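Trainee: Hey, I've got a new structure to get my head around. Could you walk me through it?
Mentor: Sure, here it is.

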Amino acid sequence: MASSEQIAAQILNTKSLAVSQNWLNTFLTTSNSAQRNLPASALTKTALFRVLASDFRESLSTSPSSILPVDIFDPTVQERRIQGPVPVQVLDIEDIGTSLWSQVEAIERVERGEAIRGREVVRTIPMGDDNEGADNGNGRTNNPAAPNASGSSGYGPHRLIIQDAAGTKTVAFEMKSIEGISLEKLSIGAKLVLRNATVARGMVLLNPGCATLLGGKIDALDRPWKQDRKKRLLERISTLQVVGAVQLCLANNNAHWATLNCYF
Amino acid sequence: MARKILCVAEKPAIARAVATHMSGGSFQTHAIRGNQYVKNYEFEFNFGAPWGNCSVTMTSVIGHLTGLDFERQYKGWLSCPPGSLFEAPVKEEVDKDKLPIAENIRNQARYSKALFIWTDCDREGEHIGSEVRNQAKTSNSRIEVRRARFSNTERAHVLQAAREPVELDEFQANAVAARIELDLRIGAAFTRLQTLQLQAVSEILKEKVISYGSCQFPTLGFVVDRYLRVQNFKPETFWGIKLMLQREGKKVNFLWKRVHLFDRAAVIMMLERCLLAKKAKVTKVNQKPKSKWRPLPLTTVDLQMMGSRFLRLDSQTIMKVAETLYTKGFISYPRTETDQFDKAIDLKKLVEKQYPDNRWGQYARELIDGKFRTPRSGSHNDKAHPPIHPVSWVNPSQLNENEKKVYEFVTRRFLACCSDDAKGKGTEIEILYGEEMFHANGLIVLEKNYLEVYVYDKWESSQQLPNFEKDEMFEPTEANISEGKTTAPGYLTEPELIGLMDANGIGTDATMAEHIAKIKEREYVVVNKRGSGRSKIEELIPTRLGIALVEGYDNVVAGLPNSISLSKPFLRKEMELRMLEICAGSKTRQEVVQQSLDMYREVFIHTQRRIAMLKTACRKYLVEQA
């Protein structure tokens, strides 16, 4: 049987994740005897899978180099660099290349079981099929013409809210498209590792060179996020009609505008 | 005595045109009793083997001879529960006003050796042909039946069609018969149900027939869907980066590759990073030949869409005018899905016929003198008709205003098809500024080619770009944030609606215009005119009743698994696909009628059970919001 040290070392080497001893011990004591008799590599795989499905705040140990600066969101800092590697988890994802309203329309099309193919309206629920799942939003993805339940075409770029193992949150922005970052593919709680990333005005600039996507999700966050997505979009649209600007992510952005206004 | 052959066309004008060509212009005209439009034309014609020289009577019907209706005891609105109309016995009878025409055919058939069907070569024509045959057979059961295959009334084409007849296509005739029965049963059942139920809801509906048609409702559905999208629309602000460079006395505006984003903070951050970089680098300088493709050969749907866009005529008017031009022998049959010319057609000869025209005659001459190009081929071929094209030249003074417009469009389109693509030179500059990419495009039109005759397309040179070298660095003159708002889509226009109907299998190219006219006539939609002159737009807006019906039917099936609202195109599309199966011979008429009735019967039962939903929707829009 593999020791917790072996597993930790393996995960650290391959994924740059420093798994906490406490968490690993709990993992090992709660895994059943069949699992404990697995070869070390298989057990490590299981452990990694659990880590990716966990909350990093509970499963990782922290060191000064593996967490974000606590003032990372400070918009007065024009540019700084994070050496890392810093493991983070995704708490929110938004497509900022597409208007909120067209995202709502897309979700409603999916709710009606339709998809648009050019000018053609396509029905995505197979007819005459007594599939009970047809009205809960599942069981539709078997049709290749059907968009995913998020109803987005996924143009991007995407804006994420990320959180490190110490609980510090900030905004990250997908400057160059990263495979796997899309409303369809990325789950809430998915894990990323940042290396040598640039932070500008409090936003982490993501590109394939500095962000490695490990996948995973936190079920307890992902499910309500997906369920309430349309509601959230509608709420944001109605506040937009009043406020007239998107300032939801960084509430303390006013200083940010002030510093930049000198440019224009 | 020479053998006698009876020829029957779909309309009097076609009978006359065909008779003129076959007889070489000398024929005797006889009126028939009881109908002032249909005439019998008598002449001699040599059909070649095996018929040889025959005496011919050329006559016509006026569209369908027979109609399908329920037996008498089911005709009254309150005679039976509407649902029983799905099974109630029906019978086919000669329409009352067509009785003299049917009698004429029976009389003429009695002494004829053969019957040649000259109805239009499409599904509907095949069915009309079968009706004519049935009449002829009642008086002469031994009469031989043939079908002339033709797609225009140009002389040589007509003579060839007369000498090379084919068989009537029973499959197509059966498909039409199935469609007629389905339209009758489904239409009558739903129309009676909703009319009887809804009349009580509002004073406005008291005397009104609220008709249902399986094409009408999805057509209405498209209009309502767009209307609601416009109504519900919420504008949102977006931001972009505007970049301008002044060089060689020209202002070059570069476009941001990201176009715009819906996050102000991110855009400002990006602009700041551009400014920090100070200089932009030219990453690509591309000069390449560009061309604008000449149009594809003209189909009916395209004629209707382009026609309502460029000629400002509604689709039904366009089809009527095109029909007239066809009947008079100026253009080919205007109902076709084919967008490729058969190799056998002598296109150059058709181009030459346009020489006398003082608008495009010179252009036609240039084509023949060396500029002629074989038209592009689209991917559609209905195997019945060529694309719509002019078959002979007509002096504009012989045409009325609308005929002139449509003939001009068809001809210019045809000449454009036979021309070369427009050619030009495109320049594309791409730059990297900070981490952001921008580009500027330039175009110089070198040869207009087809554009000279096809005045409906626009392709113009842009402002010329100054010189750029790859890898050169420059400092942009201005870099700014731009701000804009998303705007609601426009209300549906007729060309858009035709496009939607075509893509979703609602109606055929022959009937789409009628369905649109029908929902206007029923006051489910109204036409709203906006703007003037060239920017005039005609928008389709649903009435309160129109919205109420769509919302009502959507609510009827809401939450029911696998039930489809009648406002959606899916059920009708299914039915249309089954018609094609009859045409292909893979399904029988009876099978298709039964399957399609089952499909609609299910929705009918839901509607009956949840009729309150329909009433509530009508009350909401017609009483509460009135």
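Trainee: Let's jump right in. How many of the 10 residues of helix α13 (residues 494-503) of chain B are buried?
Mentor: Eight of them are, so to speak: helix α13 (residues 494-503) of chain B is mostly covered, with eight of its 10 residues buried. Buried means that 20 or more other C-beta atoms, placed from the backbone, lie within 10 Å of the residue's own; with 12 or fewer a residue is exposed, and in between it is partly exposed. Helices here are DSSP runs of H or I with at least four residues, strands are runs of E with at least two, and both are numbered from the N terminus.

Trainee: Before I go on, what am I looking at, and how do the labels work?
Mentor: This is a predicted model, where local features need pLDDT of at least 70, side-chain atom pairs count only at pLDDT 80 or more, and totals for chains, interfaces and linings use all residues. Residues are numbered from 1 along each chain as its sequence is written, while chains are lettered from A and ligands numbered from 1 in the order in which they are written.

Trainee: Cool. Which are the buried residues of α13(B)?
Mentor: They are E494(B), E496(B), L497(B), I498(B), G499(B), L500(B), M501(B) and D502(B).

Trainee: And what do they pack against?
Mentor: The partners in chain B are the helices α6 (216-232), α8 (300-311), α9 (315-327) and α14 (512-521), plus the strands β16 (492-493) and β18 (537-542). Two residues are in contact if their C-beta atoms, placed from the backbone, lie within 7 Å.

Trainee: What follows α13(B)?
Mentor: G505(B) does, and its phi is positive, near 70°.

Trainee: Zooming out, how many helices and strands does chain B have?
Mentor: Chain B comes to 18 helices and 18 strands. Its C-alpha atoms fill a box of roughly 95 × 70 × 45 Å along the principal axes, and 43% of its 626 residues count as buried.

Trainee: Now the sheet. What is the order of its six strands?
Mentor: In chain B the order is β2-β3-β4-β1-β7-β8, an open sheet with mixed pairing. Two strands pair if DSSP finds at least two bridges between them. The edge strands are β2 (28-32) and β8 (144-147) of chain B, each pairing on one side only. Neighbouring strands are turned by 25° against each other on average, ignoring direction.

Trainee: How many bridges join β1 to β4 in chain B?
Mentor: Seven, between β1 (residues 3-9) and β4 (residues 53-60) of chain B, and the two run parallel. In that pairing K4(B) stands opposite S55(B), and V8(B) stands opposite T59(B).

Trainee: What about β1(B) and β7(B)?
Mentor: They pair in the parallel sense over five bridges. V8(B) turns up again here, opposite I117(B) in β7(B).

Trainee: Why is β1(B) described as largely enclosed?
Mentor: Five of its seven residues are buried, so the rest of the structure largely encloses β1(B).

Trainee: Which helix packs on this sheet?
Mentor: Helix α3 (residues 123-139) of chain B packs there, touching β1, β7 (114-118) and β8 of chain B. The direction of α3(B) makes about 160° with that of β7(B). Axes are lines fitted to C-alpha atoms, for helices over the stretch in contact, and angles run from 0 to 180 degrees between N-to-C directions.

Trainee: Switching topic: at what angle do α5 and α18 of chain B cross?
Mentor: Roughly 55°: the axes of α5 (residues 170-198) and α18 (residues 611-624) of chain B come within 10 Å there. The contact involves Q194(B), Q197(B) and L198(B) of α5(B), with I611(B), L614(B), K615(B) and C618(B) on the α18(B) side.

Trainee: Any odd backbone spots? Where is the cis peptide bond in chain B, say?
Mentor: From A49(B) to P50(B), with omega near 0°. P50(B) is in the loop between β3 (35-46) and β4 of chain B. In chain A, the bond from G84(A) to P85(A) is cis, also with omega near 0°. Most peptide bonds are trans.

Trainee: And is R201(A) buried or exposed?
Mentor: R201(A) counts as buried, with 26 C-beta neighbours inside 10 Å. Phi of R201(A) is positive, near 50°, and the residue lies in the loop between β8 (197-200) and β9 (203-206) of chain A.
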